[in-house]
Amino acid sequence: MQLQMRKKKNFLKLPFLVFVGVLVAGLAIIFGLFHVRQVDVIGNEFYSAEEIQKMVMSDSLGENSIYLTWKYSQPDAAENLPFLSGVEVSMVNPYHVQIKVYEKIIVGYFMYSGSMVYFDKDGIVVEISQEQREGIPPYSGISIGQPVVSQAIPVADEAFLRDIIEAAALIRQSGLEPLEVHYDDKQQLILYFRNNRVILGDNSYLEEKLSNLKALFSQMEELSGTLHMENYDSSTTRISFKVGEKGEEELLLDLNKPAGEQETDTGGEGENGEGETESGESTGPDEDGKWGDSGYVEDPSRITTDADGNQMYTDEQGNVTYDMSMQYLGDDGQVISDGYGHIDPYTGAYILNQ
């Protein structure tokens, strides 16, 4: 009797052991054979393949090709990756996958508390980091609140925010690559390039302004001075380019003429009509706190104390720093200036001279 019961128990154990064996073998195949060892990333422009791979394969099962292809077949798969609008993962073979990404178009960044706040063409913050993304211009002269990833740029004036977003998208679309995009205290748009700046004014006729600027760019690329487009309208045929920091010479760039036939006015007067030129060197702050000809004035009222009793400094653009020990100064110890503006010695932001 006991022998029969033992035989019956052994008979019942056999299917269970077979099931366990098949399960173990299956798991070994899934987690062994389907373990990702080769990844191809395509479609990326702003982010490196290594960054994409790290973020897409970030969870505990992210290195399993079956799980990875299933996960990114879901419609909401990219919602936790704010810099991407979509991700597609395909299996080349069990250990080799291809990740195709659709990046959101990053058009610029703001500096905020030492970090770069990147935003897309819709004005949404996609990244806050200290990583410099190549080909993305900084936007300055704009006061922003505390930025949050996946939310709109925190600019109090909604109309101004719409202007910023429209301008950023059009600048990106134009193919121009300014070193900096700046708004002055009148919210006039100014583009800075290697040797010159372009005053675009408000957003009226902005698409036409940028199109004509693109056409004129080869003519002014090697010049040093200011192109005035703030008064441009649909009837404009000539645009003034003031050569030099004070506009000592004026070139009238004709939109209908080739580069070699432009008119030149050398009346000798500066942009302010006084014909003055700069002389002498910056010798540091005087008794009133002014640093030579940089335009920067040391203002003690900009140093305040927060609720926790910490000293902080706020520059003219609203940028805040708690570290005033590291100053942004030239090799001569003076405030850095290009004649149009200066680098704030505490925040490092570019401030257009008033």
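These are my notebook entries on the largest pocket of a predicted model and on a sheet that shares a strand with its lining.

**Entry 1: the pocket**

I began with the largest pocket and looked up its volume, which is about 510 Å³. I then listed the residues around the space and found a lining of 25 residues. Lying nearest the centre of the pocket are Met111, Tyr328, Thr347, Gly348 and Ala349.

I sorted the lining by class. I noted 14 nonpolar residues, nine polar ones and two charged ones.

**Entry 2: strands in the lining**

Which strands each supply at least two residues of this lining? I wrote down S4 (106-112), S7 (139-140) and S17 (320-321). S4 gives three residues, the largest share of the lining.

**Entry 3: the sheet with S4**

I followed S4 away from the pocket to see what it pairs with. It belongs to an open sheet of three strands, and I recorded their order as S4-S5-S6. The pairing in this sheet is antiparallel. Which strands are at the edges? They are S4 and S6, the latter covering 125-129, and each of them pairs on one side only. From one strand to the next, the twist averages 20°.

**Entry 4: S4 against S5**

I looked at one pair of strands in more detail. S5 covers residues 115-120, and six bridges join S5 to S4 in the antiparallel sense. I also checked which residue of S5 Tyr112 stands opposite, and the entry is Ser115.

**Entry 5: recap**

S4 turned up twice in my notes: as a contributor to the pocket lining and as an edge strand of the sheet.

Note on methods. Residues numbered from 1 in each chain as written. Predicted model: local features only at pLDDT ≥ 70, side-chain atom pairs only at ≥ 80, totals over all residues. Heavy atoms only, no water. 1 Å grid on protein atoms, 1.4 Å probe; cavity = no way out; pocket = protein on both sides within 12 Å on 5 of 7 lines; lining within 4 Å. Points joined across faces, edges and corners; volume = space filled by probe spheres on them. Helix = DSSP H or I, 4+ residues; strand = E, 2+ residues; numbered from the N terminus. Nonpolar A, V, L, I, M, F, W, Y, C, P; charged D, E, K, R; others polar. Pairing = 2+ DSSP bridges. Axes fitted to C-alpha atoms, helices over the stretch in contact; angles between N-to-C directions.
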